[in-house]
Amino acid sequence: MSRTIKVDPVTRLEGHLSITIEVEEGKVSKAFSSGEMFRGFETILRGRAPLDAQQITQRICGVCPVSHGTASVFAQESAYKVIPAENGRILRNLILGANYLQSHIIHFYQLSALDFIDVASILEYAGKDPLLTQLKGWALSQSSTKTIDPLAPFLPRYEADYSPDATLNLLALRHYVEALEIRKLAHQAVAIFAGKIPHAPALIPGGVSTKPLAPSLAAYRSRLERIQRFIDEAYLPDLKEIAKVFPQYLSLGASPGAFLSYGAFPQKVEQSQHLFPAGVLINGRLAKVDTSRIRESTASSFFETGPALHPGRGETKPAPGKNGAYSWVKAPRYDGIPLEVGPMPRLMVALASGGETAKHIRNELSSLEISPEQLNSALGRHAARAIESRILARHLLESIDEANPEKPSSVDFSIPMEGAGEGLMEAPRGALGHWIELKGGLIERYQCVVPTTWNCSPRDESGTAGPVEYALEGVRLADPENPIEVVRIIRSFDPCLACAVH
Ligand code: NFE
Ligand code: MG
């Protein structure tokens with residue numbers, strides 16, 4: 001007998017996602033991923049001055065504004081034919097890098113850890129750790145009457161096979177609280193060179209508008225060192241312990257094995273080399289990224305149906321209530337293939353590319369006792385975020401000294417009346433592209449293809465499911481009333497629907 005289950009909204013993620021699954025004989029037979037709202041940034045940008053774009057697109061998201069600002073200045077630099085200043089490249093990497101770290105840490109502790117560890121352990125806590133005592137006191141204070149469950153602040157949650165290891169639960173909960181402080185430091189590190197966060201004003205075509213002055217560099221370094229300690233002493237060890245308790249999630253939730261990375265953290269102003277390299281990896285075969293192969297399908301999306309278009313020619317024509325549509329997310333495809341994007345695909349592309357980063361990834365994987373193949377799984381995605389954080393923190397600390405306080409952080413440019421540009425970068429959640437077209441000195445067309453647009457895409461015109469949909473199909477549910485397996489797999493992608501629908 002088949003039944004339909006709707007998880008709506010999926011909580012502990014950004015934006016409005018609902019997932020509908022069909023369950024047959026205890027297994028997910030079909031999954032449908034729906035972005036539940038329209039935002040219209042691509043429409044808002046039409047007819048505006050081009051320099052508005054890096055400010056307006058940052059409002060797509062409060063979690064990854066730096067990424068949209070960066071993709072926008074890359075798109076404009078490509079349209080204006082300008083190469084940014086070397087200091088600009090370095091400071092952009094420092095800004096984006098600190099934003100990655102806050103994003104990965106909050107995703108693991110605040111958004112995902114409670115899928116695995118048992119938060120109920122806090123009620124039994126009788127020790128003297130101030131953070132845990134505070135957390136227990138807070139939980140109890142929120143439910144001071146006898147009729148309210150003492151776990152109320154953390155409810156509702158599915159009844160599930162949470163970790164039975166009280167020591168692990170309490171340690172992870174301690175880190176849950178500590179992570180908030182770490183995140184604050186990461187935000188401060190971003191703001192030192194970004195001007196403020198969220199929505200960084202300092203990102204401009206040609207570079208950044210702040211300078212790498214010695215006190216700023218020192219302020220950044222001290223915060224990064226503290227964040228690095230947390231990654232090494234809490235994030236990676238907690239991940240390793242959780243993987244020991246839930247080994248099945250090192251295979252559950254795999255996507256078809258087709259990955260994209262545009263390349264993260266350019267090591268040259270020409271973007272010819274990245275800390276995490278660019279590439280398309282399909283069934284183990286690595287190729288150069290060729291964006292002319294990208295098309296966005298609207299077959300199952302609430303947009304007018306037409307031929308799937310390249311984003312450089314893309315259109316945004318909402319069609320609410322369209323027959324057969326079930327999502328406000330478009331469906332990007334590469335040669336017709338849905339690609340998964342994010343930290344795990346970045347590591348997969350880096351491993352296939354070889355070189356220094358691949359060596360670091362292999363070392364980290366072996367300390368976690370995870371094989372490269374196991375990365376394509378729910379816990380593998382979490383492991384990829386932790387590994388990426390560690391490699392990135394080390395790299396950022398090394399690159400602080402490359403900034404030169406004596407040199408400018410940006411170069412001048414002029415805006416042509418006509419032109420077009422493509423800005424490709426890696427946001428924390430994966431490959432992000434902005435496409436801009438200018439006419440009469442104003443924005444004629446602006447299109448974004450966003451990480452969660454790839455991952456949470458609905459079916460395309462040939463009926464092929466998106467990566468999240470695919471990852472859910474075939475999964476066995478221990479208790480369909482409590483589909484914990486489903487949310488563990490969805491959250492492993494770190495979806496941001498606010499971004500996906502833009
Ligand atoms: Ni709103 Fe974002 C990142 C971008 S995700 S969080 O990372 O771009 O689709
Ligand atoms: Mg778009």
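This note goes through the metal sites, one sheet, one helix and some backbone details of a predicted model.

1. **The nickel atom.** Begin with ligand 1. Its nickel atom takes three donors from the protein: Cys61 (SG), Cys496 (SG) and Cys499 (SG). They lie 2.3 Å from the metal. Along the chain these donors follow the spacing C-x434-C-x2-C. The site has four donor atoms, and the angles among them run from 105 to 113°. That makes the nickel site tetrahedral. For comparison, the ideal angle for four tetrahedral donors is 109.5 degrees.

2. **The iron atom.** Ligand 1 also holds an iron atom, 3.2 Å from the nickel atom. Which residue does the protein offer to this iron atom? Cys64 is the single protein donor, through SG at 2.4 Å. Cys64 is found in the loop between helix H2 (53-56) and helix H3 (65-80). Water is not among the atoms, so a metal site may look incomplete.

3. **Cover around ligand 1.** Are these cysteines buried or exposed? Cys496 has 1% relative accessibility and counts as buried. Cys499 is at 3% and is buried too. Cys64, the iron donor, has a relative accessible area of 4%, so this residue is also buried. A reader may wish to check for cysteine pairs as well. The structure holds zero disulfides.

4. **The magnesium ion.** Ligand 2 is a magnesium ion with protein donors Glu42 (OE), Cys448 (O) and His502 (NE2). The distances are 2.0 to 2.2 Å. In sequence the donor residues are spaced E-x405-C-x53-H. Cys448 and His502 link distant parts of the chain, 54 residues apart. Cys448 is in strand E13, while His502 sits in the segment after helix H14 (497-501). Cys448 is buried at 1% relative accessibility. His502 is buried at 6%.

5. **A three-stranded sheet.** The strand that carries Cys448 belongs to an open sheet. Its order is E11-E12-E13, and the pairing is antiparallel. Strand E11 (419-427) and strand E13 (442-449) are the edges, each pairing on one side only. From one strand to the next the twist averages 15°. E11 pairs with strand E12 (residues 430-439) over nine bridges. Gly419 has Leu438 of E12 as its bridge partner. In general, the strands of a sheet pair through backbone hydrogen bonds.

6. **The helix across the sheet.** Which helix lies across E11, E12 and E13? Helix H3 does, running at about 145° to E11. H3 also bounds the loop that contains Cys64. The sheet, in turn, includes E13, where the magnesium donor Cys448 is placed.

7. **A mostly covered helix.** Helix H8 (residues 343-353) deserves a look. How many of its eleven residues are buried? Nine are, so the helix is mostly covered, taking buried as under 20% relative accessible area. Among them are Pro343, Arg346, Leu347 and Leu351. Gly354 follows H8 and has a positive phi, near 75°.

8. **Two cis peptide bonds.** Most peptide bonds are trans. The bond from Asp8 to Pro9 is cis, with omega near -5°. Pro9 lies in the loop between strand E1 (2-7) and strand E2 (17-24). A cis bond also joins Ile197 and Pro198, with omega about 0°. Pro198 lies in the loop between helix H6 (166-194) and strand E4 (203-204).

9. **Positive phi outside glycine.** Most residues other than glycine have a negative phi. His199 has a positive phi of about 70° and is not a glycine. Its place is in the loop between H6 and E4, which also holds Pro198. His199 is buried, with a relative accessible area of 17%. Gln271 also has a positive phi, near 65°. This residue lies in the loop between strand E6 (258-266) and strand E7 (274-282). Gln271 is partly exposed, at 27%.

Terms used: Residues are numbered from 1 along each chain as its sequence is written. Chains are lettered from A and ligands numbered from 1 in the order in which they are written. This is a predicted model: local features need pLDDT of at least 70, side-chain atom pairs count only at pLDDT 80 or more; totals for chains, interfaces and linings use all residues. Side-chain values use heavy atoms; hydrogens and water are left out. Donors are N, O and S atoms within 2.8 Å of the metal (3.2 Å for Na, K and Ca); water is not among the atoms, so sites may look incomplete. Helices (H or I, at least four residues) and strands (E, at least two) are DSSP runs, numbered from the N terminus. Buried means under 20% relative accessible area, exposed over 50%, partly exposed in between (1.4 Å probe, protein chains only). Two strands pair if DSSP finds at least two bridges between them. Axes are lines fitted to C-alpha atoms, for helices over the stretch in contact, and angles run from 0 to 180 degrees between N-to-C directions. Contact means heavy atoms within 4.5 Å. Four donors count as tetrahedral if all angles lie between 85 and 135 degrees; four count as square planar and six as octahedral if opposite donors are over 155 degrees apart and all others between 65 and 115; anything else is irregular. A disulfide is a pair of cysteine sulfur atoms within 2.5 Å.
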